[in-house]
Amino acid sequence: MTYEEFADARLGALLRYAVMLTGDPHQAQDLVQETMVRVQLNWRRVARSDVPERYVRRMLTNQYVDWRRGSWARRVLLRAEPDDLPAPADHAQSAVDRDQVWSWLSRLPRRQRATLVLRYYEDLPDAEIAEILGCAVGTVRSCISRALATLRAEYVEVCS
Amino acid sequence: MIEDDLRAAFARHEALTPPTGPVRTAIDRAVVRRRRRRLRLRLAGTALAVVAAALAGFTAIAPRQPAPAIPLGEPPPPTPTGALNVLLLGVDGYEGRQYRLADSALLVHVPADRSRLYLVSLPRYLEVSVPGHGADKLNYAFLQGAGEPRPDLSRGYRVTRDAVADTLGVRIDAGAVLTYPLVRKLTDAVGGVEVCLPQRVRSVHTDRVFPAGCQRLDGTDSVDLLRQRVGLPDGVLDRDRNAERYAAGLLRRLQERDTFTNPLVVNSLLQHLSSGLVVDAGASSLPALALVAAQAATAEPVGLLPPGVHVEKPDLRFRLDPALGPGFLDALRTDRLGEWASAHPGQATTLR
């Protein structure tokens, strides 16, 4: 497979994945761009791996988890944009607005958020998630349960 | 259930995904930038190597395509008439290096009467106007054309040819790019070349000493001599003069062996050299050019250095002398170099 074929086939999926990780289209674009530049420069090594897509997803995930503070400034700024804020009236009437879940995600540690995206968006089995994150399967499970526990706590707070 | 809400939230936000087209373009652009930066770093890191390479003069003739074998029995292509200018570029470097510079340039002028050959050295820092790039040094014109990291000698030749033609205001009818291996092979194929030096030259590369006077050199020694400029009184200009001396010796040798006039010998020589040879025969053909050269090479050639001045800024460059330059160019364009050379004996090189 050439880099061009790979990009033709997988760039859209990687962008969607990056949106779920970062919660923001601009940051998703930066993340994918940075990763794909490295992919293209080192394409021979990427192509040698068994499943290039998993290799690239792993690169992208690591990049996201390790992203340094610099991007936090932008992230905070973007959070202030109106369309990212949940409408204040919503959660008064119903149990929980879905966008509320979305905004809670941003408070999770990145690694935890990544496990949630990989399981509930990409629907990957734990073994594969473990491979992408470079950790044990048990770590994946505890990561997910801790993340879910945090979200449940938010639920309780809002609904009580 | 929180899991379902999560799935729903993810699905809802798929709409945020940016379109792939612009991202793809941005990636490709960033890759180009990153590659360039890598290359610059690599170049900086090998600055010493570059300096060493700059000492190396002659590189090679790069033909547009492998030299064609001449089918026997076919009528010879038409012999060109009128004055001809042939540009020979010696480039440095070796297989696998990422860039090449044309550090020796020799413009061979063949007058219309074919009375003799004029070997005009163009210093490597001669300021030329590179189409689309502005003023730059001659050896960089080649680099810009050949590109990196896989130098294309044919393109390097074409860009240099156009730049020289623009700058001097003459038509270049043919040319070639010579690399070290080619000069080595060519010299050995003709059984060595006699070079006559006015002063002793010591190689900074091999410590070999070339004494003053005439000596026959094999391929390896020829390349060694053609690379030397450090320690010579006029530096680059003296190296260029030695290239003229080598060219004169090579012509004598070809003449002695009837190489020009015997198509079989030309053929076998070209086949011997064909790998890596970049030759531009222009509207003519190599055998036809060989015949022309044969006619003109019966007399001793004249070596010339264009009248020039050194400019120190922005970097060391060689520009045509404002007083003498126009006369020289005019003589070159109107095929009166012989008159000009007799009027300016100081610009001539002693070839023997």
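Colleague: How many residues of chain A are in contact with chain B?
Modeller: This is a predicted model. On the other side of the interface, chain B contributes 22 residues. The number of residues of chain A in contact with them is 27.

Colleague: Which helix of chain A gives the most to the side that touches chain B?
Modeller: Helix 1 (3–22), helix 2, helix 7 (98–105), helix 8 (110–121) and helix 10 (137–159) of chain A each supply at least two residues of that side. The residues of that side divide into 20 nonpolar, four polar and three charged. With nine residues, the helix of chain A that gives the most is helix 2.

Colleague: What ipTM does the predictor give the complex?
Modeller: The predictor gives two scores for the complex. The pTM is 0.55. The ipTM is 0.80.

Colleague: How far apart are the end C-alpha atoms of helix 2 of chain A?
Modeller: Helix 2 of chain A covers residues 25–41, which makes 17 residues. Its buried residues include A28(A), L31(A), V32(A) and T35(A). At 1.5 Å a residue the helix should span 24 Å, and the model agrees, because its end C-alpha atoms are apart by 24 Å.

Colleague: Within what arc do the buried residues of helix 9 of chain A fall?
Modeller: Helix 9 of chain A runs over residues 126–133, and I129(A), A130(A) and I132(A) are buried in it. Seen down the helix axis, these buried residues line one face, because they fall within an arc of 165°.

Colleague: Which residue just after helix 9 of chain A takes a positive phi?
Modeller: The phi in question is about 70°. The residue that takes it, just after helix 9 of chain A, is G134(A).

Colleague: Is T2(A) buried or exposed?
Modeller: T2(A) lies in the segment before helix 1 of chain A. In space it is 7.8 Å from A47(A), C-alpha to C-alpha, although the two are 45 residues apart in sequence. A residue with 12 or fewer C-beta neighbours within 10 Å is exposed. T2(A) has 9 inside 10 Å, so it counts as exposed.

Colleague: Which strands stand at the edges of the seven-stranded open sheet of chain B?
Modeller: The order of the sheet is 11-6-1-2-3-12-15, with mixed pairing. Each edge strand has a single partner strand, so one side of it is left without a neighbour in the sheet. The edge strands of chain B are strand 11 (278–280) and strand 15 (348–349).

Colleague: Which residue in strand 3 of chain B is the bridge partner of H109(B)?
Modeller: Strand 2 (residues 102–110) and strand 3 (residues 118–122) of chain B pair in the antiparallel sense over five bridges. In strand 3, the bridge partner of H109(B) is Y118(B).

Colleague: Which residue in the turn between strand 4 and strand 5 of chain B has a positive phi?
Modeller: Strand 4 (residues 127–130) and strand 5 (residues 134–137) of chain B pair in the antiparallel sense over four bridges. One bridge joins S129(B) to A135(B). The two strands form a hairpin with three residues between them. The turn residue with a positive phi, about 85°, is G132(B).

Colleague: Where in chain B does pLDDT stay under 50?
Modeller: Chain B averages a pLDDT of 82, and 85% of its residues score at least 70. Where pLDDT is low, the predicted coordinates should not be read in detail. The stretch under 50, for which the model has 82 contacts beyond four places in sequence, is residues 45–74.

Terms used. Residues are numbered from 1 along each chain as its sequence is written. Chains are lettered from A and ligands numbered from 1 in the order in which they are written. This is a predicted model: local features need pLDDT of at least 70, side-chain atom pairs count only at pLDDT 80 or more; totals for chains, interfaces and linings use all residues. The expected span of a helix is 1.5 Å times one less than its number of residues. A residue is buried if 20 or more other C-beta atoms lie within 10 Å of its own, exposed if 12 or fewer, and partly exposed in between; C-beta atoms are placed from the backbone. pLDDT is the predictor's confidence in each residue, from 0 to 100. Two residues are in contact if their C-beta atoms, placed from the backbone, lie within 7 Å. The arc is that of the directions from the helix axis to the C-beta atoms. Ala, Val, Leu, Ile, Met, Phe, Trp, Tyr, Cys and Pro count as nonpolar, Asp, Glu, Lys and Arg as charged, and the others, Gly among them, as polar. Two strands pair if DSSP finds at least two bridges between them.
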